[in-house]
Amino acid sequence: MIDQYVESISTFSGDIDNVIWVVFLIVGFWFVLAELVFFGLIFKFLAKPGVKAKYVSGERPEEKRWVTLPHYATLAFDVAIIVLAIKVWHDVKIDLPKADSTVRVISQQWAWTFVHPGPDNQLDTPDDITTVDELHVEKDKTYHFELTSRDVLHSFSVPVFRLKQDAIPGRIIKGWFKATQTGQYDIQCTEICGIGHGIMPARIIIESPAQHRTWNQSNAPKVADAAPTTPPTQLGGMP
Amino acid sequence: MHRLMSVSLAFAIVASFGCIRPEGAKKTLAGSELYAACASCHGEAGAGNASIAAPNIAGLPAWYVEAQLVKYRSGIRGYHPEDIEGLRMRPMSRQMMDEAEVKAVAAYVSSLKAVKAAPSVQGGDATAGAGQYATCQACHGDKGQGMDATKAPPLAGQYDWYLVSQLKKFKGGVRGAHPLDTTGAQMRPMASMLADEQAMKNVVAHIGTFSR
Ligand code: HEC
Ligand code: HEC
Ligand SMILES: [Cu+2]
């Protein structure tokens with residue numbers, strides 16, 4: 001259902017959709033029930049000729065039940081949601097499966113720089129491929145990402161993966177994903193990061209193993225003119 | 001009760017019309033309107049802002065501003081992963097919806113009164129830089145006033161930190177190295193002729209003696 005609006009193409013995107021569904025159904029059930037009771041009571045006790053209005057203080061046990069029973073039910077359902085969500089949270093955010101490959105994701109005002117490990121599948125080697133606003137990954141491969149920021153808070157979001165992770169300057173935050181389908185999809189920033197926040201989109205290009213190998217080979221810098229691996233320093237601004 | 005409902009229904013219908021923009025309603029914004037998106041960094045007067053590395057653009061020739069905006073928009077300038085400031089300008093250049101708007105904002109920028117930025121870079125020797133500047137003169141003019149014919153922009157009046165940073169970018173292949181950047185390609189060997197940061201500071205100190 002949700003994937004009719006935004007495709008669901010990572011190994012954990014279905015789990016996240018399920019949590020959203022469960023929350024939706026529970027909240028929806030209580031919402032409908034509460035509205036039914038609410039409007040039911042309104043119509044039941046509409047003003048009638050000859051009947052005087054009456055103040056109910058709600059202190060008698062059979063009156064209080066209208067509050068306490070839903071209250072306990074809410075608590076019980078909350079616990080259920082939390083238990084379910086923690087399991088998914090643990091799988092998505094805490095327990096990183098072994099990586100087939102690692103990419104570095106560098107956010108800045110207002111662009112994404114991606115460092116791919118290149119043909120040798122090792123970061124910080126001369127054949128690393130650095131791109132701006134374009135991340136190339138392979139389908140069915142577990143990727144770790146190392147997320148950093150050069151300036152302020154950003155958030156790395158890949159809606160089709162149901163992946164969202166804040167980037168914090170000074171920290172390297174690790175996470176993972178595994179795409180289940182090839183194609184080109186949006187990457188967006190989901191943390192207000194200045195006036196260009198709304199215009200820092202990027203694309204993720206999920207390739208088949210053959211496509212990815214070709215991309216790696218045709219884009220890897222020749223070892224001679226490889227870019228230095230030291231992090232860039234700000235050139236402009238006040239010295 | 002019924003009146004309230006019909007009023008809110010009417011509002012809802014009217015509001016939904018707001019989402020539709022008929023073809024004929026599209027219009028090119030005026031340069032001054034478009035510039036509102038630039039003022040937060042380059043300042044109302046176009047004088048720039050050192051704290052976010054935004055240069056002084058007031059009174060730059062329209063052809064240069066337009067050319068640079070086109071480069072940023074098409075990924076010929078400000079595309080390099082190490083061009084932190086250029087990557088900041090790039091999305092801003094894409095706020096104009098079409099060529100007409102690019103031209104309009106460029107005309108507005110060039111209509112702003114040129115101002116001379118205060119110096120801040122220490123340790124430049126203007127006398128030594130005068131010798132270096134002899135090479136630059138052919139394209140940028142004897143007073144750093146720029147030249148339409150060579151597509152070289154005015155340098156006089158620009159922030160010294162910005163000039164130094166651009167020379168470093170040209171030399172390091174962070175600006176002007178894109179295969180489609182023909183004017184940048186002319187400037188790159190010039191920046192490479194400046195042996196080190198001191199030479200850059202010297203020539204920039206000399207440019208600082210020009211009036212704008
Ligand atoms: C978020 C801040 C910001 C905003 C907003 C912004 N700019 Fe810039 N602009 C910069 C920075 C930073 C640079 C320097 C980039 C570099 O070092 O390569 C720059 C560079 C430029 C240049 C190149 C100047 C030169 O001498 O080569 C032009 C032209 C320019 N901006 C025009 C504009 C226009 C027009 C707008 C509005 C549509 C705008 N800018 C909005 C930050 C901004
Ligand atoms: C062959 C002609 C030529 C010569 C000689 C030349 N330049 Fe340039 N310069 C250019 C052109 C063309 C550009 C605009 C590049 C572009 O379109 O991005 C430029 C741009 C620049 C810029 C960037 C200005 C800005 O507003 O962003 C600086 C700084 C600069 N030149 C300094 C120098 C210095 C210093 C020298 C002498 C050592 C020099 N140039 C010699 C052609 C030249
Ligand atoms: Cu951001």
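Of the 27 residues around ligand 1, B:Cys38, B:Cys41, B:Glu85, B:Gly86 and B:Met89 come nearest; a residue counts as near a molecule or strand if its C-beta atom, placed from the backbone, lies within 6 Å of it. Ligand 1 is located between chains A and B. Four elements of chain B, namely α2 (31-42), α3 (62-74), α4 (84-93) and α5 (99-111), give two or more residues to this shell. Helices (H or I, at least four residues) and strands (E, at least two) are DSSP runs, numbered from the N terminus.

The model is predicted: local features need pLDDT of at least 70, side-chain atom pairs count only at pLDDT 80 or more, and totals for chains, interfaces and linings use all residues. Residues are numbered from 1 along each chain as its sequence is written, while chains are lettered from A and ligands numbered from 1 in the order in which they are written.

Ligand 2 is surrounded by 25 residues, with B:Cys136, B:Cys139, B:Thr183, B:Met187 and B:Met190 the closest. The elements that give two or more residues to the shell around ligand 2 are α6 (126-140), α7 (160-172) and α8 (182-193) of chain B.

The table lists residue classes. Ala, Val, Leu, Ile, Met, Phe, Trp, Tyr, Cys and Pro count as nonpolar, Asp, Glu, Lys and Arg as charged, and the others, Gly among them, as polar.

| Group of residues | Nonpolar | Polar | Charged |
|---|---|---|---|
| Shell around ligand 1 | 16 residues | 9 residues | 2 residues |
| Shell around ligand 2 | 14 residues | 10 residues | 1 residue |
| Side of chain A that touches chain B | 10 residues | 8 residues | 1 residue |
| Contact of α7(B) with α8(B) | 4 residues | 1 residue | 2 residues |

Two of the helices around ligand 2, α7 and α8 of chain B, also pack on each other. Their axes come within 8 Å and cross at roughly 105°; axes are lines fitted to C-alpha atoms, for helices over the stretch in contact, and angles run from 0 to 180 degrees between N-to-C directions. α7(B) and α8(B) are therefore roughly perpendicular to each other, a term for angles of 65 to 115 degrees. From α7(B), B:Leu167, B:Phe170 and B:Lys171 meet B:Met187, B:Arg188, B:Ala191 and B:Ser192 of α8(B); contact requires C-beta atoms, placed from the backbone, to lie within 7 Å.

Chain B as a whole has 9 helices and 0 strands. Its C-alpha trace spans about 85 × 35 × 30 Å along the principal axes. The radius of gyration of chain B is 22 Å, whereas a compact globule of 212 residues would have one near 17 Å; the radius is taken over C-alpha atoms, and the globule rule is 2.2 Å times the number of residues to the power 0.38.

The contact between the chains takes 19 residues from chain A and 22 residues from chain B. On the side of chain A, β2 (111-116) and β3 (129-132) each supply at least two residues.

Chain A also contains an open sheet of 5 strands in the order β4-β10-β9-β6-β7, with mixed pairing; two strands pair if DSSP finds at least two bridges between them. Its edge strands are β4 (134-138) and β7 (163-167), each paired on one side only. Neighbouring strands of the sheet are turned by 25° against each other on average, direction ignored. Helix α3 (residues 209-219) of chain A packs on this sheet, touching β4 and β10 (202-207), and its direction makes about 130° with that of β4(A). Strands β6 (residues 154-158) and β9 (residues 183-189) of chain A pair in the antiparallel sense over 2 bridges, and A:Phe156 stands opposite A:Cys189 in β9(A).

How values were computed:
Two residues are in contact if their C-beta atoms, placed from the backbone, lie within 7 Å. Angles under 35 degrees count as roughly parallel, over 145 as roughly antiparallel, 65 to 115 as roughly perpendicular and the rest as oblique.
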